[in-house]
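Please go through the structure shown below with the following briefing beside it. The notes are grouped by topic and are meant to be read against the coordinates.

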Amino acid sequence: MILKNISIKNFETEKLLIKKPTMDEQFTLWDILRDENVNRFYFPTPDRIFIKNGLNKDNIVDLKQARRIFMEQLNDWERQKPFYEKKIDSINSEDNSQKFTWSIFLKSGEVIGQITVQPNDEYAENPAIRDIGWFISPKYQGQGLGTEAAIEVLKFMFDEVEIEQIITSAAIDNPGSWRIMEKLGFERTGEKQSTYFDDDDNILMCYCYSGNKENFLNRPSSKSKGL
Ligand SMILES: CC(C)(COP(=O)(O)OP(=O)(O)OC[C@H]1O[C@@H](n2cnc3c(N)ncnc32)[C@H](O)[C@@H]1OP(=O)(O)O)[C@@H](O)C(=O)NCCC(=O)NCCS
């Protein structure tokens with residue numbers, strides 16, 4: 001299946017400007033993302049780190065070692081910058097219909113986060129099944145902004161791009177994220193092991209979620225507000 005070739009649009013909500021990313025705000029986004037409170041559950045340690053260093057995801061010592069290596073890489077802007085440049089190039093390229101990423105700004109112009117509706121690696125054969133990811137600067141968390149951005153972006157993804165389904169997961173220890181999924185009407189479908197771990201060295205589990213347009217239209221907030 002081929003996804004509809006629709007470009008990213010900019011949106012304005014009550015409190016936010018949700019815009020096609022440019023290089024201008026990427027340094028600030030990187031600076032937000034390198035905060036371990038933000039990347040801890042947002043940015044799983046990539047498989048390449050385990051493979052390259054012969055580390056095992058089921059072993060807490062290896063998991064922590066892989067995370068340390070990844071954090072060293074993540075903290076080095078000069079090393080990260082080419083990835084951000086590539087990201088912007090790819091968003092601007094002809095293929096951008098496959099890459100839906102937005103920078104989230106306050107109306108004052110301050111960039112505070114990012115939301116992505118990316119291909120789901122486990123369903124690579126069907127680009128209409130997508131994963132979703134979000135982060136908001138710690139300064140602005142808990143004010144409903146993540147939910148506000150997610151609702152606007154999903155309206156576009158379901159109505160205009162016509163994706164079929166979101167399949168995603170969030171650490172059980174990260175209620176800020178899975179609460180958004182529930183506010184979007186997504187259904188919890190199970191649990192799976194993650195590469196995240198807590199301060200007591202327990203490997204953490206994730207809740208798995210699935211949501212389609214019907215789930216989204218019947219989300220709790222839309223019934224009360226008649227949206
Ligand atoms: C997840 C994240 C994007 C949520 O954004 P946010 O703007 O703070 O979310 P909202 O304010 O819209 O809150 C959504 C829901 O989560 C709840 N919530 C937010 N932070 C919470 C926390 N730390 N603990 C418990 N509940 C929390 C809110 O109360 C709200 O639920 P409610 O309406 O039932 O009260 C933000 O916390 C974040 O960037 N975290 C770090 C990155 C990350 O973990 N990303 C997700 C990876 S799956």
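In this predicted model, arginine 130 stands opposite isoleucine 166, a residue of strand S6. Strands S5 and S6 pair in the parallel sense, and 2 bridges connect them. Strand S6, which spans residues 165–171, has 5 of its 7 residues buried, so the strand is largely enclosed by the rest of the structure.

**The sheet**

- An open sheet is formed by 8 strands, whose order is S1-S2-S3-S4-S5-S6-S8-S7 and whose pairing is mixed.
- Strand S1 (11–12) and strand S7 (187–197) stand at the edges of this sheet, and because each has a single partner strand, one side of each is left without a neighbour in the sheet.
- At the S1 edge, the strand runs antiparallel to strand S2 (residues 16–19), to which it is joined by 2 bridges.
- Within that pairing, phenylalanine 11 has isoleucine 18 of S2 as its bridge partner.
- As general background, strands of a sheet pair through backbone hydrogen bonds, either in the parallel or in the antiparallel sense.

**The ligand and its shell**

- There are 21 residues around the ligand, and those that come nearest are Gly142, Gly144, Thr147, Arg179 and Lys183.
- Sorted by class, the shell around the ligand holds 9 nonpolar and 10 polar residues, together with 2 charged ones.
- At least two residues of the shell are supplied by each of helix H2 (36–42), strand S5 (129–136), helix H6 (145–161) and helix H7 (175–183), and it is H7 that gives the largest share, with 6 residues.
- Strand S5 therefore appears in two of these topics, since it contributes to the shell around the ligand and also pairs with S6 in the sheet.**Polar approaches to the ligand**

- Glycine 146 places a backbone N or O atom 2.8 Å from an oxygen atom of the ligand.
- For glutamine 141 the approach is made by a polar side-chain atom, which lies 3.4 Å from an oxygen atom of the ligand.
- Glycine 176 again uses the backbone, with an N or O atom lying 3.5 Å from an oxygen atom of the ligand.
- Of the 920 Å² of accessible area that the ligand has on its own, the protein covers 74%.

**Glutamine 26**

- Glutamine 26 has its place in helix H1, which comprises residues 26–33.
- With a relative accessible area of 0%, glutamine 26 is buried.
- The side chain of glutamine 26 reaches the backbone oxygen of threonine 22 at 2.9 Å, and a polar contact of 2.8 Å joins the side chains of glutamine 26 and lysine 87.

**Cysteines**

- How many disulfides does a search of the whole structure find? The search returns 0 disulfides.
- Why is there no bond between cysteine 206 and its closest cysteine sulfur, in cysteine 208? The sulfur of cysteine 206 is 7.0 Å from that of cysteine 208, which is too far for a bond, given that a disulfide is counted for a pair of cysteine sulfur atoms within 2.5 Å.
- Cysteine 206 is buried, its relative accessible area being 4%, and cysteine 208 also counts as buried, at 15% relative accessibility.

Terms used:
Residues numbered from 1 in each chain as written. Predicted model: local features only at pLDDT ≥ 70, side-chain atom pairs only at ≥ 80, totals over all residues. Heavy atoms only, no water. Near = heavy atom within 4 Å. Polar contact = N/O pair within 3.5 Å; in protein donor to acceptor, adjacent residues only side chain to side chain. Areas by Shrake-Rupley, 256 points an atom, 1.4 Å probe, with all protein chains shown as cover. Helix = DSSP H or I, 4+ residues; strand = E, 2+ residues; numbered from the N terminus. Nonpolar A, V, L, I, M, F, W, Y, C, P; charged D, E, K, R; others polar. Buried < 20%, exposed > 50% of the residue type's maximum accessible area, 1.4 Å probe, protein only. Pairing = 2+ DSSP bridges.
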